[in-house]
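Biologist: Could you take me through one part of this model at close range? I would like to see how a single helix sits among its neighbours, and what happens around it.

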Amino acid sequence: MKTNDGSPFPIRLKQARTRLGLSQKRLGILAGMDKFVASARMNQYERGVHTPDFKMVVALSEVLEVPTAFLFCVEDDLAEKILDWSSQRV
């Protein structure tokens with residue numbers, strides 16, 4: 001795990017999580033984390049203290065129902081377009 005280097009990931013992760021009304025702990029559990037570490041780990045991800053590995057990013061995007069591209073999109077307007085596009089595919 002790495003310290004955040006200015007990645008938009010923490011912000012996008014929180015946006016996607018709150019959009020679905022999930023707690024940090026619930027999201028972590030649904031993504032496959034142990035229930036005893038899920039809340040703390042998700043909090044670290046959202047604060048940019050740590051970054052998940054690719055496998056966890058994929059699991060989080062599936063639970064959050066967003067493309068992985070959304071989680072790393074720097075531009076806010078493009079991030080919204082990615083969400084719009086993905087919701088039309090369902």
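**Helix 4 and its surroundings**

Modeller: Happy to, and I will begin a little to one side, with a residue that ties two other helices together. Gln 24 touches Arg 17, Ala 38, Ser 39, Met 42, Asn 43 and Glu 46, leaving aside residues up to four places away in sequence. Please keep in mind throughout that this is a predicted model. Gln 24 belongs to helix 2, which covers residues 24–30. Its relative accessibility is 16%, so Gln 24 counts as buried, the cut-off being under 20%.

One of those partners, Ser 39, is found in helix 3. Ser 39 and Gln 24 are 15 residues apart in sequence, yet their C-alpha atoms are 5.2 Å apart in space. Beyond residues up to four places away in sequence, Ser 39 touches Gln 24 and Lys 25. With a relative accessibility of 34%, Ser 39 counts as partly exposed.

Now to the helix you asked about. Helix 4 spans residues 54–64, and its buried residues are Met 56, Val 57, Ala 59, Leu 60, Ser 61, Val 63 and Leu 64. These buried residues pack against helix 1, helix 2, helix 3 and helix 5, the last of these being residues 68–71.

Let us take the partnership with helix 1, residues 9–20. The axes of helix 1 and helix 4 come within 10 Å and cross at roughly 30 degrees. Angles under 35 degrees count as roughly parallel, and therefore helix 1 and helix 4 are described that way. Their crossing is left-handed. On the helix 1 side, the contact involves Phe 9, Leu 13, Ala 16, Arg 17, Arg 19 and Leu 20, while helix 4 contributes Val 57, Leu 60, Val 63 and Leu 64. Sorted by class, this contact has eight nonpolar residues, no polar ones and two charged ones.

Helix 1 also packs with helix 3, residues 38–47, at an angle of about 125 degrees, with the axes 6 Å apart. Helix 1 and helix 3 are therefore oblique to each other. Phe 9, Pro 10, Leu 13, Lys 14 and Arg 17 of helix 1 make this contact with Met 42, Tyr 45 and Glu 46 of helix 3. By class, the contact of helix 1 with helix 3 divides into five nonpolar, no polar and three charged residues.

Back in helix 4, Ser 61 deserves its own look. Ser 61 is buried, with a relative accessible area of 7%. A polar atom of the Ser 61 side chain lies 2.9 Å from the backbone oxygen of Val 58. Setting aside residues up to four places away in sequence, Ser 61 touches Val 66, Pro 67, Thr 68 and Leu 71.

That brings us to the end of the helix. Glu 65 follows helix 4 and lies in the loop between helix 4 and helix 5. Although Glu 65 is not a glycine, its phi is positive, about 60 degrees. Glu 65 is exposed, with a relative accessible area of 57%, whereas Ser 61 is buried.

Key. Residues numbered from 1 in each chain as written. Predicted model: local features only at pLDDT ≥ 70, side-chain atom pairs only at ≥ 80, totals over all residues. Heavy atoms only, no water. Helix = DSSP H or I, 4+ residues; strand = E, 2+ residues; numbered from the N terminus. Buried < 20%, exposed > 50% of the residue type's maximum accessible area, 1.4 Å probe, protein only. Contact = heavy atoms within 4.5 Å. Polar contact = N/O pair within 3.5 Å; in protein donor to acceptor, adjacent residues only side chain to side chain. Axes fitted to C-alpha atoms, helices over the stretch in contact; angles between N-to-C directions. Parallel < 35°, antiparallel > 145°, perpendicular 65-115°, else oblique. Left-handed = near helix turned anticlockwise from the far one by under 90°. Nonpolar A, V, L, I, M, F, W, Y, C, P; charged D, E, K, R; others polar.
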